[in-house]
Amino acid sequence: MIDPGVFSVDGEKAMKVSAVFSAVKIISEGIARLPLEAERYNAAAKCYVPDFSTPLFRALRLRPNNDLTAFELWRAAVQCMLLYGNAYIVPTRNALGDVISLTLLAPGTTTFDVYSRTYNVNDNINGIFKTFRPEEVVHLRNVGLDGGYTGCSTVAMAGYALGILRLADKNSATTLTTGGRMRGLVTGEAQGLAASSEAQVVAIANRIESDINSGKTVVGVPSAMKYQPFTLSPADAKVLESKQMTIRDIARFFRVHPDLLYEGSNNTYKAAEVPNVMFLTQTLEPLLVQIEQELAVKLLPQNMLGKKRLRFDRERLYSTDLLTEASYNEKMLQTGMYTVNELRQKKGLPPVANGDVALVSANLKGLKEIINENSNGQKENGNTLDE
(Lines give C-alpha, C1' and ligand atoms only; values in the text may rest on other atoms or scores of the structure.)
Protein backbone atom coordinates (compact mmCIF):
# COMPACT_ATOMS: atom_id res chain seq x y z
CA MET A 1 0.00 0.00 0.00
CA ILE A 2 1.34 3.42 -0.95
CA ASP A 3 1.96 5.84 1.90
CA PRO A 4 -0.28 8.92 1.39
CA GLY A 5 2.60 11.04 2.69
CA VAL A 6 4.49 10.34 -0.51
CA PHE A 7 2.18 12.74 -2.33
CA SER A 8 2.61 15.49 0.29
CA VAL A 9 5.65 17.26 -1.12
CA ASP A 10 7.16 20.49 0.18
CA GLY A 11 9.85 22.61 -1.47
CA GLU A 12 12.79 20.88 0.21
CA LYS A 13 11.59 17.39 -0.72
CA ALA A 14 10.75 18.47 -4.25
CA MET A 15 14.27 19.77 -4.90
CA LYS A 16 15.61 16.25 -4.26
CA VAL A 17 13.86 15.15 -7.47
CA SER A 18 16.23 15.74 -10.37
CA ALA A 19 13.56 16.99 -12.79
CA VAL A 20 12.31 19.59 -10.29
CA PHE A 21 15.84 20.66 -9.38
CA SER A 22 16.68 21.21 -13.06
CA ALA A 23 13.43 23.08 -13.80
CA VAL A 24 13.72 25.40 -10.79
CA LYS A 25 17.40 26.04 -11.42
CA ILE A 26 17.05 26.84 -15.13
CA ILE A 27 14.10 29.21 -14.55
CA SER A 28 15.53 31.04 -11.54
CA GLU A 29 19.03 31.43 -12.97
CA GLY A 30 17.65 32.35 -16.38
CA ILE A 31 16.00 35.39 -14.79
CA ALA A 32 18.76 36.17 -12.27
CA ARG A 33 21.43 36.49 -14.96
CA LEU A 34 19.55 39.34 -16.68
CA PRO A 35 20.62 42.86 -15.63
CA LEU A 36 17.74 44.72 -14.00
CA GLU A 37 17.99 48.36 -15.06
CA ALA A 38 16.64 51.52 -13.45
CA GLU A 39 16.04 53.93 -16.35
CA ARG A 40 14.78 57.47 -16.82
CA TYR A 41 13.31 59.11 -19.90
CA ASN A 42 15.67 61.48 -21.70
CA ALA A 43 13.54 64.06 -23.49
CA ALA A 44 16.44 65.27 -25.65
CA ALA A 45 17.32 61.79 -26.88
CA LYS A 46 13.65 60.71 -26.88
CA CYS A 47 14.46 57.36 -25.26
CA TYR A 48 15.11 55.75 -21.88
CA VAL A 49 18.68 55.80 -20.56
CA PRO A 50 20.23 54.18 -17.44
CA ASP A 51 19.66 56.25 -14.31
CA PHE A 52 22.99 55.89 -12.51
CA SER A 53 22.19 58.73 -10.09
CA THR A 54 19.54 56.88 -8.10
CA PRO A 55 20.50 54.50 -5.22
CA LEU A 56 17.92 52.11 -6.61
CA PHE A 57 20.22 51.37 -9.57
CA ARG A 58 22.84 49.82 -7.28
CA ALA A 59 20.22 47.93 -5.26
CA LEU A 60 18.72 46.37 -8.37
CA ARG A 61 21.88 45.80 -10.38
CA LEU A 62 24.68 45.02 -7.92
CA ARG A 63 24.11 44.81 -4.17
CA PRO A 64 20.50 44.76 -2.89
CA ASN A 65 21.68 44.22 0.72
CA ASN A 66 24.74 43.32 2.76
CA ASP A 67 24.17 39.57 2.44
CA LEU A 68 23.26 38.94 -1.19
CA THR A 69 24.31 40.01 -4.65
CA ALA A 70 21.63 40.93 -7.18
CA PHE A 71 22.00 37.55 -8.90
CA GLU A 72 21.54 35.67 -5.63
CA LEU A 73 18.52 37.72 -4.55
CA TRP A 74 16.56 37.32 -7.80
CA ARG A 75 17.47 33.64 -8.06
CA ALA A 76 16.20 33.06 -4.53
CA ALA A 77 13.06 35.14 -5.13
CA VAL A 78 12.05 33.11 -8.19
CA GLN A 79 12.81 29.88 -6.32
CA CYS A 80 10.50 31.00 -3.50
CA MET A 81 7.74 31.66 -6.03
CA LEU A 82 8.03 28.20 -7.58
CA LEU A 83 8.63 26.17 -4.41
CA TYR A 84 6.54 28.07 -1.85
CA GLY A 85 4.12 30.08 -3.99
CA ASN A 86 5.16 33.56 -2.80
CA ALA A 87 8.25 35.73 -2.53
CA TYR A 88 8.21 38.80 -0.28
CA ILE A 89 10.76 41.60 -0.61
CA VAL A 90 10.88 44.54 1.82
CA PRO A 91 12.54 47.74 0.51
CA THR A 92 14.43 50.11 2.81
CA ARG A 93 14.32 53.83 1.99
CA ASN A 94 16.49 56.77 2.99
CA ALA A 95 15.28 60.15 4.31
CA LEU A 96 14.53 61.30 0.75
CA GLY A 97 12.33 58.29 0.05
CA ASP A 98 14.82 56.59 -2.30
CA VAL A 99 15.14 52.80 -2.12
CA ILE A 100 18.62 51.90 -0.88
CA SER A 101 18.27 48.16 -0.15
CA LEU A 102 16.02 45.15 -0.74
CA THR A 103 15.52 42.30 1.75
CA LEU A 104 14.05 38.96 0.70
CA LEU A 105 12.02 37.57 3.58
CA ALA A 106 12.63 33.96 4.59
CA PRO A 107 10.01 31.43 3.40
CA GLY A 108 7.22 30.77 5.87
CA THR A 109 7.72 33.96 7.86
CA THR A 110 5.07 36.12 6.19
CA THR A 111 1.30 35.87 6.10
CA PHE A 112 -1.12 38.05 4.17
CA ASP A 113 -4.40 39.03 5.79
CA VAL A 114 -6.92 39.26 2.97
CA TYR A 115 -9.43 41.23 5.04
CA SER A 116 -7.14 43.91 6.48
CA ARG A 117 -4.83 43.85 3.43
CA THR A 118 -1.71 43.71 5.59
CA TYR A 119 1.44 41.60 5.68
CA ASN A 120 2.39 40.18 9.07
CA VAL A 121 6.12 39.40 9.20
CA ASN A 122 7.88 37.35 11.87
CA ASP A 123 11.31 36.79 10.31
CA ASN A 124 14.01 35.75 12.79
CA ILE A 125 16.64 35.34 10.08
CA ASN A 126 16.44 38.94 8.86
CA GLY A 127 15.34 40.39 12.20
CA ILE A 128 12.08 41.84 10.85
CA PHE A 129 8.98 41.74 13.07
CA LYS A 130 6.40 44.14 11.73
CA THR A 131 3.04 44.57 10.01
CA PHE A 132 3.32 46.17 6.56
CA ARG A 133 0.84 47.83 4.25
CA PRO A 134 0.56 46.43 0.69
CA GLU A 135 2.52 49.30 -0.86
CA GLU A 136 5.44 48.57 1.49
CA VAL A 137 6.09 45.00 0.32
CA VAL A 138 7.06 43.68 -3.11
CA HIS A 139 4.90 40.57 -3.40
CA LEU A 140 5.73 38.13 -6.22
CA ARG A 141 2.99 35.51 -6.54
CA ASN A 142 2.94 32.21 -8.32
CA VAL A 143 -0.35 30.97 -9.78
CA GLY A 144 -3.12 31.64 -7.24
CA LEU A 145 -6.40 29.98 -6.33
CA ASP A 146 -7.86 32.76 -4.17
CA GLY A 147 -8.37 35.45 -6.76
CA GLY A 148 -4.73 36.48 -7.00
CA TYR A 149 -4.11 37.60 -3.42
CA THR A 150 -1.58 34.86 -2.66
CA GLY A 151 0.24 32.28 -4.76
CA CYS A 152 0.25 28.50 -4.69
CA SER A 153 3.53 26.65 -5.23
CA THR A 154 4.08 24.66 -8.39
CA VAL A 155 5.31 21.67 -6.39
CA ALA A 156 2.02 21.57 -4.46
CA MET A 157 0.13 21.48 -7.75
CA ALA A 158 2.41 18.73 -9.03
CA GLY A 159 2.22 16.65 -5.83
CA TYR A 160 0.85 13.50 -7.47
CA ALA A 161 3.43 13.48 -10.27
CA LEU A 162 6.23 14.19 -7.78
CA GLY A 163 5.02 11.32 -5.60
CA ILE A 164 5.38 8.89 -8.49
CA LEU A 165 8.89 10.15 -9.20
CA ARG A 166 9.86 9.81 -5.54
CA LEU A 167 8.58 6.23 -5.50
CA ALA A 168 10.61 5.42 -8.61
CA ASP A 169 13.72 7.03 -7.13
CA LYS A 170 13.22 5.17 -3.86
CA ASN A 171 12.92 1.87 -5.71
CA SER A 172 16.09 2.59 -7.67
CA ALA A 173 17.94 3.55 -4.48
CA THR A 174 16.88 0.30 -2.80
CA THR A 175 18.20 -1.70 -5.73
CA LEU A 176 21.53 0.16 -5.66
CA THR A 177 22.03 -0.01 -1.90
CA THR A 178 21.63 -3.78 -2.01
CA GLY A 179 24.29 -3.96 -4.69
CA GLY A 180 21.89 -5.25 -7.31
CA ARG A 181 21.80 -8.65 -5.55
CA MET A 182 19.45 -11.31 -6.79
CA ARG A 183 16.11 -11.92 -5.19
CA GLY A 184 14.20 -15.16 -5.54
CA LEU A 185 11.76 -17.74 -4.29
CA VAL A 186 12.65 -21.17 -2.79
CA THR A 187 10.06 -23.95 -3.19
CA GLY A 188 10.04 -27.69 -2.43
CA GLU A 189 9.43 -30.21 -5.20
CA ALA A 190 6.37 -32.38 -4.49
CA GLN A 191 8.04 -35.69 -5.22
CA GLY A 192 11.10 -35.10 -3.08
CA LEU A 193 9.94 -33.05 -0.15
CA ALA A 194 7.18 -33.82 2.35
CA ALA A 195 4.60 -31.27 3.25
CA SER A 196 5.99 -31.10 6.80
CA SER A 197 9.45 -29.80 5.66
CA GLU A 198 8.68 -26.09 5.73
CA ALA A 199 11.51 -25.57 8.21
CA GLN A 200 13.92 -27.11 5.72
CA VAL A 201 12.78 -24.72 2.99
CA VAL A 202 13.31 -21.75 5.31
CA ALA A 203 16.75 -23.02 6.28
CA ILE A 204 17.82 -23.46 2.66
CA ALA A 205 16.46 -19.99 1.79
CA ASN A 206 18.48 -18.44 4.63
CA ARG A 207 21.61 -20.25 3.43
CA ILE A 208 21.11 -19.02 -0.15
CA GLU A 209 20.62 -15.47 1.10
CA SER A 210 23.78 -15.71 3.20
CA ASP A 211 25.76 -17.01 0.23
CA ILE A 212 24.52 -14.19 -2.00
CA ASN A 213 25.28 -11.54 0.65
CA SER A 214 28.77 -12.90 1.04
CA GLY A 215 29.44 -12.24 -2.63
CA LYS A 216 29.01 -15.68 -4.11
CA THR A 217 27.75 -15.73 -7.68
CA VAL A 218 26.95 -19.46 -7.78
CA VAL A 219 24.93 -21.14 -5.03
CA GLY A 220 23.82 -24.75 -4.62
CA VAL A 221 20.22 -25.87 -4.15
CA PRO A 222 19.23 -29.41 -3.05
CA SER A 223 17.66 -31.50 -5.78
CA ALA A 224 14.40 -31.63 -3.88
CA MET A 225 14.09 -27.86 -4.01
CA LYS A 226 13.83 -25.19 -6.65
CA TYR A 227 15.18 -21.60 -6.61
CA GLN A 228 13.39 -19.17 -8.92
CA PRO A 229 15.15 -15.77 -9.19
CA PHE A 230 13.30 -12.55 -9.90
CA THR A 231 14.20 -8.85 -9.96
CA LEU A 232 11.24 -6.47 -9.99
CA SER A 233 7.63 -7.10 -9.22
CA PRO A 234 5.13 -6.06 -11.91
CA ALA A 235 4.14 -3.10 -9.74
CA ASP A 236 7.78 -1.99 -9.35
CA ALA A 237 8.36 -2.33 -13.08
CA LYS A 238 5.27 -0.23 -13.79
CA VAL A 239 6.53 2.53 -11.51
CA LEU A 240 9.88 2.63 -13.29
CA GLU A 241 8.21 2.63 -16.71
CA SER A 242 6.10 5.62 -15.72
CA LYS A 243 9.14 7.64 -14.62
CA GLN A 244 9.89 9.01 -18.09
CA MET A 245 6.26 9.96 -18.59
CA THR A 246 6.14 11.67 -15.18
CA ILE A 247 9.20 13.77 -16.02
CA ARG A 248 7.18 15.17 -18.91
CA ASP A 249 4.39 15.98 -16.45
CA ILE A 250 6.88 17.92 -14.30
CA ALA A 251 8.02 19.77 -17.41
CA ARG A 252 4.40 20.76 -18.12
CA PHE A 253 3.86 22.05 -14.59
CA PHE A 254 6.96 24.24 -14.77
CA ARG A 255 6.42 25.10 -18.47
CA VAL A 256 9.92 23.91 -19.37
CA HIS A 257 10.54 21.86 -22.50
CA PRO A 258 11.56 18.27 -21.59
CA ASP A 259 14.74 18.61 -23.64
CA LEU A 260 15.90 21.34 -21.25
CA LEU A 261 15.56 18.82 -18.41
CA TYR A 262 17.82 16.42 -20.35
CA GLU A 263 14.92 14.06 -20.92
CA GLY A 264 14.83 14.17 -24.72
CA SER A 265 17.07 12.29 -27.11
CA ASN A 266 17.38 15.00 -29.77
CA ASN A 267 20.81 16.57 -29.58
CA THR A 268 21.17 18.39 -32.87
CA TYR A 269 21.56 22.16 -32.96
CA LYS A 270 18.26 22.69 -34.79
CA ALA A 271 16.43 20.41 -32.36
CA ALA A 272 17.83 22.36 -29.41
CA GLU A 273 16.91 25.74 -30.87
CA VAL A 274 13.12 25.25 -30.65
CA PRO A 275 13.06 24.41 -26.90
CA ASN A 276 15.22 27.46 -26.19
CA VAL A 277 12.87 29.81 -28.08
CA MET A 278 9.84 28.31 -26.32
CA PHE A 279 11.56 28.68 -22.95
CA LEU A 280 12.28 32.36 -23.55
CA THR A 281 8.84 33.31 -24.84
CA GLN A 282 6.54 31.05 -22.82
CA THR A 283 8.38 30.54 -19.53
CA LEU A 284 10.66 33.50 -18.78
CA GLU A 285 8.84 36.38 -20.50
CA PRO A 286 5.63 36.19 -18.38
CA LEU A 287 7.72 36.11 -15.19
CA LEU A 288 9.83 39.05 -16.34
CA VAL A 289 6.75 41.18 -17.07
CA GLN A 290 5.22 40.26 -13.70
CA ILE A 291 8.37 41.21 -11.77
CA GLU A 292 8.85 44.47 -13.71
CA GLN A 293 5.28 45.62 -13.07
CA GLU A 294 5.35 44.75 -9.36
CA LEU A 295 8.67 46.53 -8.86
CA ALA A 296 7.55 49.62 -10.76
CA VAL A 297 4.36 49.95 -8.70
CA LYS A 298 6.05 49.36 -5.33
CA LEU A 299 9.46 51.05 -5.78
CA LEU A 300 8.88 54.06 -8.05
CA PRO A 301 6.99 57.21 -7.00
CA GLN A 302 3.58 57.32 -8.62
CA ASN A 303 4.28 60.67 -10.26
CA MET A 304 7.39 59.21 -11.94
CA LEU A 305 5.83 56.14 -13.57
CA GLY A 306 5.88 57.78 -17.01
CA LYS A 307 9.35 59.25 -16.54
CA LYS A 308 11.16 56.27 -14.98
CA ARG A 309 10.95 52.56 -15.48
CA LEU A 310 12.49 49.29 -14.27
CA ARG A 311 13.19 46.61 -16.84
CA PHE A 312 15.30 43.53 -17.45
CA ASP A 313 17.81 43.69 -20.27
CA ARG A 314 16.41 40.84 -22.35
CA GLU A 315 19.25 40.89 -24.86
CA ARG A 316 21.17 38.50 -22.61
CA LEU A 317 18.43 35.94 -23.25
CA TYR A 318 19.29 35.72 -26.91
CA SER A 319 23.04 35.36 -26.54
CA THR A 320 23.95 32.23 -28.44
CA ASP A 321 26.84 30.89 -30.50
CA LEU A 322 29.28 33.39 -32.02
CA LEU A 323 28.12 32.97 -35.64
CA THR A 324 24.47 33.63 -34.76
CA GLU A 325 25.43 36.60 -32.60
CA ALA A 326 27.60 38.01 -35.40
CA SER A 327 24.71 37.68 -37.88
CA TYR A 328 22.37 39.45 -35.42
CA ASN A 329 24.83 42.32 -34.89
CA GLU A 330 25.30 42.69 -38.63
CA LYS A 331 21.56 43.04 -39.23
CA MET A 332 21.17 45.50 -36.35
CA LEU A 333 24.00 47.58 -37.84
CA GLN A 334 22.62 47.48 -41.39
CA THR A 335 19.17 48.62 -40.28
CA GLY A 336 20.51 51.49 -38.18
CA MET A 337 19.26 50.04 -34.88
CA TYR A 338 22.81 50.20 -33.45
CA THR A 339 25.84 52.26 -34.32
CA VAL A 340 29.34 50.80 -34.55
CA ASN A 341 30.33 52.30 -31.21
CA GLU A 342 27.20 51.01 -29.49
CA LEU A 343 28.02 47.46 -30.59
CA ARG A 344 31.65 47.93 -29.53
CA GLN A 345 30.49 49.20 -26.14
CA LYS A 346 28.47 46.01 -25.61
CA LYS A 347 31.65 44.03 -26.22
CA GLY A 348 33.69 46.18 -23.84
CA LEU A 349 35.71 47.72 -26.67
CA PRO A 350 36.74 51.40 -26.94
CA PRO A 351 34.90 53.65 -29.44
CA VAL A 352 36.32 54.45 -32.86
CA ALA A 353 36.28 57.68 -34.87
CA ASN A 354 33.01 58.34 -36.74
CA GLY A 355 31.47 55.28 -35.08
CA ASP A 356 28.47 57.13 -33.66
CA VAL A 357 26.73 57.56 -37.01
CA ALA A 358 23.79 55.28 -37.73
CA LEU A 359 24.28 53.29 -40.94
CA VAL A 360 21.77 51.72 -43.32
CA SER A 361 22.21 49.33 -46.22
CA ALA A 362 22.77 51.15 -49.52
CA ASN A 363 20.06 49.22 -51.39
CA LEU A 364 17.32 50.29 -48.97
CA LYS A 365 15.27 53.36 -49.95
CA GLY A 366 12.20 55.08 -48.65
CA LEU A 367 8.93 54.94 -50.59
CA LYS A 368 8.96 58.71 -51.05
CA GLU A 369 12.43 58.57 -52.59
CA ILE A 370 11.38 55.84 -55.02
CA ILE A 371 8.30 57.81 -56.10
CA ASN A 372 10.41 60.92 -56.70
CA GLU A 373 12.90 58.93 -58.77
CA ASN A 374 10.11 57.49 -60.93
CA SER A 375 8.63 60.93 -61.47
CA ASN A 376 11.99 62.40 -62.45
CA GLY A 377 12.61 59.52 -64.86
CA GLN A 378 9.31 60.05 -66.61
CA LYS A 379 10.03 63.75 -67.02
CA GLU A 380 13.46 63.05 -68.52
CA ASN A 381 12.01 60.57 -70.99
CA GLY A 382 9.37 63.08 -72.02
CA ASN A 383 11.98 65.80 -72.63
CA THR A 384 14.08 63.45 -74.73
CA LEU A 385 11.14 62.59 -76.99
CA ASP A 386 10.26 66.22 -77.50
CA GLU A 387 13.77 66.99 -78.67
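Five bridges connect strand β1 (residues 36-42) to strand β11, and the two run antiparallel. Strands here are DSSP runs of E with at least two residues, helices are runs of H or I with at least four, and both are numbered from the N terminus. Two strands count as paired if DSSP finds at least two bridges between them. In β11, F312 is the bridge partner of L36.

Before going further, a word on the model: it is predicted, so local features need pLDDT of at least 70 and side-chain atom pairs count only at pLDDT 80 or more, while totals for chains, interfaces and linings use all residues. Residues are numbered from 1 along each chain as its sequence is written, and side-chain values use heavy atoms, with hydrogens and water left out.

**The three-stranded sheet**

Strands β1 and β11 belong to an open sheet of three strands, ordered β2-β1-β11 with antiparallel pairing. Its edge strands are β2 (47-50) and β11 (308-312), each of which pairs on one side only. On average, neighbouring strands of this sheet are turned by 40 degrees against each other, direction ignored; the axes behind such angles are lines fitted to C-alpha atoms, for helices over the stretch in contact, and angles run from 0 to 180 degrees between N-to-C directions. Strands of a sheet pair through backbone hydrogen bonds, either parallel or antiparallel.

**Salt bridges around β11**

Side chains of opposite charge can pair when their charged atoms come close. The rule used here asks for a side-chain nitrogen of Lys or Arg within 4 Å of a carboxyl oxygen of Asp or Glu, and by this rule the count comes to 13 salt bridges. Among them are these three:

| Salt bridge | Closest N to O |
|---|---|
| R309 and E39 | 2.7 Å |
| R311 and E39 | 3.8 Å |
| K308 and D51 | 3.6 Å |

R309 sits in strand β11 and E39 in strand β1, so their salt bridge ties together parts that are 270 residues apart in sequence. R311 is also in β11, so its pair with E39 joins parts 272 residues apart in sequence. K308 in β11 reaches D51 in the loop between β2 and α3 (55-61), 257 residues away along the chain.

How exposed are these partners? Buried means under 20% relative accessible area, exposed over 50%, and partly exposed in between, using a 1.4 Å probe and protein chains only. E39 counts as buried because its relative accessibility is 8%, and D51 is buried at 3%. The three basic partners are partly exposed: R309 at 31%, R311 at 25% and K308 at 25%.

Elsewhere, salt bridges that share partners join K25, E29 and R75 into one network.

**Helices α1 and α2**

Helix α2 (residues 18-32) has 15 residues, and its end C-alpha atoms are 21 Å apart, which agrees with the 21 Å it should span at 1.5 Å a residue. That expected span is 1.5 Å times one less than the number of residues. Which residues of α2 are buried? They are A19, V20, A23, V24, I27, S28, G30, I31 and A32. An α-helix has 3.6 residues a turn, so residues three or four places apart point the same way.

K13 lies in helix α1 (residues 11-14) and counts as partly exposed at 35% relative accessibility. K13 and L162 are 149 residues apart in sequence, yet their C-alpha atoms are 9.4 Å apart in space.

**Aromatic rings and cysteines**

A pair of aromatic rings is described by the distance of the centres and the angle of the planes. Rings of Phe, Tyr and Trp (its six-membered ring) pair if their centres lie within 6.5 Å; planes under 30 degrees apart count as stacked, over 60 as edge-to-face and the rest as tilted. The structure holds four aromatic pairs. In one of them, the rings of Y88 and Y119 have centres 5.7 Å apart and planes at 70 degrees, so the pair is edge-to-face. Y88 belongs to strand β3 (residues 86-93) and Y119 to strand β6 (residues 118-123), 31 residues apart. Both Y88 and Y119 are buried, and ring pairs link Y88, F112 and Y119 into a cluster.

How many disulfides does the whole structure hold? A search finds zero, taking a disulfide to be a pair of cysteine sulfur atoms within 2.5 Å. C47 is partly exposed, with a relative accessible area of 33%, whereas C80 is buried at 9%.
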